Amino acid sequence: MSEKILEVKNLHTSFFTDSGEVRAVNGVSFELDAGKILGIVGESGSGKSVTAYSIMQILASTGKVVDGQILYRGEDILKYNKDQMRQFRGKKCSIIFQDPMTSLNPTFTIGSQLMEAILLHTSRNKQEAHDRAAEMLTLVGVNEPEKRLKQYPHELSGGMRQRVMIAMALACEPDILIADEPTTALDVTIQAQILELMQELQKKLGMAIILVTHDLGVIAGMCDEIIVMYGGRVCERGTAEDIFYSPKHEYTKGLLRSIPSTGNQKEKLVPIGGTPINLLNMPKGCAFCARCSEAMKVCLEAVPEEIQLSHSHYASCWMNVKDLMQKEGGASNE
Amino acid sequence: MSNEEKKVQKLVEVEGLKQYFPVKSGWGKTIPLKAVDGVSFDIMPGETLGLVGESGCGKTTVGRSILRLYEPTAGEVRYNGELVTRKNMHEFRKEMQMVFQDPYSSLNPRMTVEDIIGEPLDVHKLYTTKGERRDKILHLMELVGLNAEHATRYAHEFSGGQRQRIGIARALAVDPKFIVCDEPVSALDVSIQAQVINMFEELQEKLGVAYLFIAHDLLVVHHISNRIAVMYLGKIVEIADADELNDNPMHPYTQSLLSAVPIPDPKIAKAKKRIVLEGDVPSPLKMPSGCAFRTRCKYATERCAQECPALVDRGNGHKVACFNQ
Amino acid sequence: MSEMDKMPKKAPFSMQIDLSKFEKATEEEKRQQDVMSESTTFFKDSMRKLFKNPLAVFSIVVLVCIILLIIIAPKVVPYGYSEMLQVNGVRDKTAQNLAPMTYSEKELEYMEETGEKLFPHIFGTDELCRDYFIRVVYGTRVSLSVGLFASIIVLIIGVLYGSISGYAGGRVDLIMMRVVDIIYSLPDMLVMILLSVVLKEVMPDMPGLLGKLGSNMVAIFMVFGMLYWVGMARLIRGQILSVKENEYVLAARTIGAKPGRIIRRHILPNCLSVIIITTALQIPSAIFTESFLSFIGLGVQAPMPSLGSLANAARGGLNSYPYKLLFPALMICLIVLALNLLGDGLRDALDPKLRK
């Protein structure tokens, strides 16, 4: 049942800017099972979007995957040529972006943009593509699909446009859908609609979803598995329950403490101190050490290795090493 | 001034505030865009009133109209019982200030931190010597948790959270008693949000300022506010104590808004049944008749289409504008 | 940063366990990890970028060379731009249309007699026995200063008009921009030609430098002052409209700052890059206009040369003396190209949209 569909191994992506190399992603590894929803959560600059863009190979011109493998059903897509990559994008894996206002071309109708995606990847003729486009719009809950197909993007509201984007992404039935902050630009009530829709479509079509977001609330309600990123590295990964109920990385713990809960209003928030990491000036040790309240000397010196804590739960924090050592009385075996 | 007999005088009173913007409809004709359409509320000294609503509901406009960044179409704003007019506004700018949403565009990139925080002091001539100015600026920077060594740096060298602190220091420079906070944390990362929220709370304890806290994030608003007002298409549909509103929302819009909030807890989130609203917010240019929410409301009746419900007190200061609840 | 890669990746459990490393780090140690990058101002950063651009550096070098040339050459070269060559106080009629780096018969005789070395005619001479090099140098002087002053006129009027119109907005903006539209529709060349004719009639003798340059030049300046600022004004207005949208302008209004202060301290400094770029690109276009007018005979008053009038004069003997057209034409190309490349370099360095 749980077939590994995508495997990312030790991914390193850098941007080469005027001020030097920016290591946006620094050795990220994870697996995605077919039909699962994987959440990547982190703050701006944590490398979550760059990871997603690396999979799609749509990095900005200064960005480059420096090291690592991205295996799609065992094939390394980094070795694909341009044609194979074009086949991969859209047909096997597609992406929806944060801003539904700019990701649709304002000079073409919804219909022609949708049909273009369909004609490009399938052998349908024009009429069939048109029917498919209308069918897709119905699927994503757009009313009066025939009328919408003739409309231009600016005639639709933000939520509607995001629905069209989803329809376009799903038109060729990809195995993987990457959603990069799909609801950040939308209002709460519209966000609820879109999240509901994505869950529904996932059940219906059975694709795997990678949901990239900074919103822990969205992640909690949607995802089976979660990756927490900071400073271009994976801090912790595991099931939603692992992450929310027994976080094992200081950053995850801090993150969970710093969001207001619904229940007790007057409980003070416990923020994470300091300022976000400067990617041009990465510390030698753990990326989070300067802001970590529990930081130890070793954290400043060495990057923590990922440790498996349960069959699904992994974390990269020296605190776990310390705990293990104390538990085993300093014994040094696994 | 019979108000003076009451034990606490209201700090800010907003009465029937209306803000229409002319929108061109061709051939020199304009039609009014009713951004704010008759909003009334009060704020007590040292209190935080949260103002929530979706984009385009007019919440930002309310804040800006109170500070006369727009000339209101109708309505009154009183500060300490005194009517704020266009003429005496300059004086009130020492009492009422604003913190902006975008920490990137709210600070002039060509000015140093010292000049940004010092500008209100310059404008209102609140110092006599250069040394006094500098002392005041350093004091303000300390107050918001900024390192004094950074006074000569430019705003673009700081991270979002630090920039927001600079913006708050600028607002505090004139020692105001009332600050409009226009989505001050929505552009910040979660871990930084908490820092800034805590700082707002600490400053309130220390300086006794009142806030009008405008945001779309209900969790944040609920955390920081004493009372919350919910806006929909230019009108307040519900106003109540923060906990009361959270536990017992009466307006169908508030109910769906609350249920749409993603809860950062997988078990609760997955078990929760959302009240998903159908459709989109109508354009403020083509407002529905009667109650503005009726096009998306599942309780809507004939009456909702004909009359506009007034904000009625249901006890304990919990006011709702709905016929059916 | 590269240490990170070189660092051996120790598996935590095979590592020698050093419990002292698991003590809490001090605040001091943590703070060292968190360094703010070096402080730079916007302009320092931009200049650094500009000097990284080889084309821009090349054009700066060319422009500096040209400016040094037009300052130093008249002091070194013993000939005047309007004087006919003389040998021993006698007019040298054999020095007509000399080729570059040659001497006239009389000069050769003179040099042989006295053994004195005369200054060479680097670009030869023209048909009136004048040293062509110094004429080209003076022509460059005239063309460059016309370009510069015309651009300054455009800059001042355009910025003033544009910022008032952009900041005031509403009805004021509407009226001011319609005026701009009307001015845009006037044919500039026609106005310039008419104006120079009228000026010649109305005041044939102007005092000082203006008289030397002639009524045509005054007409050029006037036309630049009257007509050419509209482009700059429109640009500044657009820029101000977009800068005005920034929240820091709202913040300044919230503080209670007056409009003058807001324009001065908040809006104009943030339009500066556009102003600089446009001015840099305005100079070559003004030089072109001047050259063109001089070429069709509406430029500076003879004997004052300009690059355009030199090129025009060279037209006659084009078959015999092609170099006479080549030198001024080359100079125009060099100046205009250098200024355009510099303008482009400035845009890359200053335009925030292209910045990270």
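Start by selecting Ser94(A): its bridge partner in β7(A) is Leu177(A). This is a predicted model, in which local features need pLDDT of at least 70 and side-chain atom pairs count only at pLDDT 80 or more, while totals for chains, interfaces and linings use all residues. Residues are numbered from 1 along each chain as its sequence is written, and chains are lettered from A and ligands numbered from 1 in the order in which they are written.

Next, select the two strands. β6(A) pairs with β7 (residues 176-180) of chain A in the parallel sense, over four bridges. Helices (H or I, at least four residues) and strands (E, at least two) are DSSP runs, numbered from the N terminus; two strands pair if DSSP finds at least two bridges between them.

Widen the selection to the sheet. It is open, with eight strands of chain A in the order β6-β7-β8-β3-β9-β10-β12-β11 and mixed pairing. The edges are β6 (93-96) and β11 (307-308) of chain A; each has a single partner strand, so one side of each has no neighbour in the sheet.

Now add helix α2 (residues 82-92) of chain A. This helix lies across β6 and β7 of chain A and runs at about 65° to β6(A). Axes here are lines fitted to C-alpha atoms, for helices over the stretch in contact, and angles run from 0 to 180 degrees between N-to-C directions.

Move to helix α6 (residues 158-170) of chain A. Its 13 residues reach 18 Å from first C-alpha to last, close to the 18 Å expected (1.5 Å times one less than the number of residues). Twelve of the 13 residues of α6(A) are buried, so the helix is largely enclosed by the rest of the structure. Buried means 20 or more other C-beta atoms within 10 Å of the residue's own, exposed means 12 or fewer, and partly exposed is in between, with C-beta atoms placed from the backbone. Among the buried residues are Arg161(A), Gln162(A) and Arg163(A). The cover over them includes β6, α3 (110-121), α4 (126-139), β7 and α7 of chain A.

Then show both chains. In all, 34 residues of chain A are in contact with 35 of chain B, contact being C-beta atoms, placed from the backbone, within 7 Å. On the chain A side, α7(A) gives the largest share, six residues.

Finish on chain B with Lys87(B), in the loop between β5 (82-83) and α2 (89-92). Lys87(B) counts as exposed because it has 7 C-beta neighbours inside 10 Å.

Conventions: Two residues are in contact if their C-beta atoms, placed from the backbone, lie within 7 Å.
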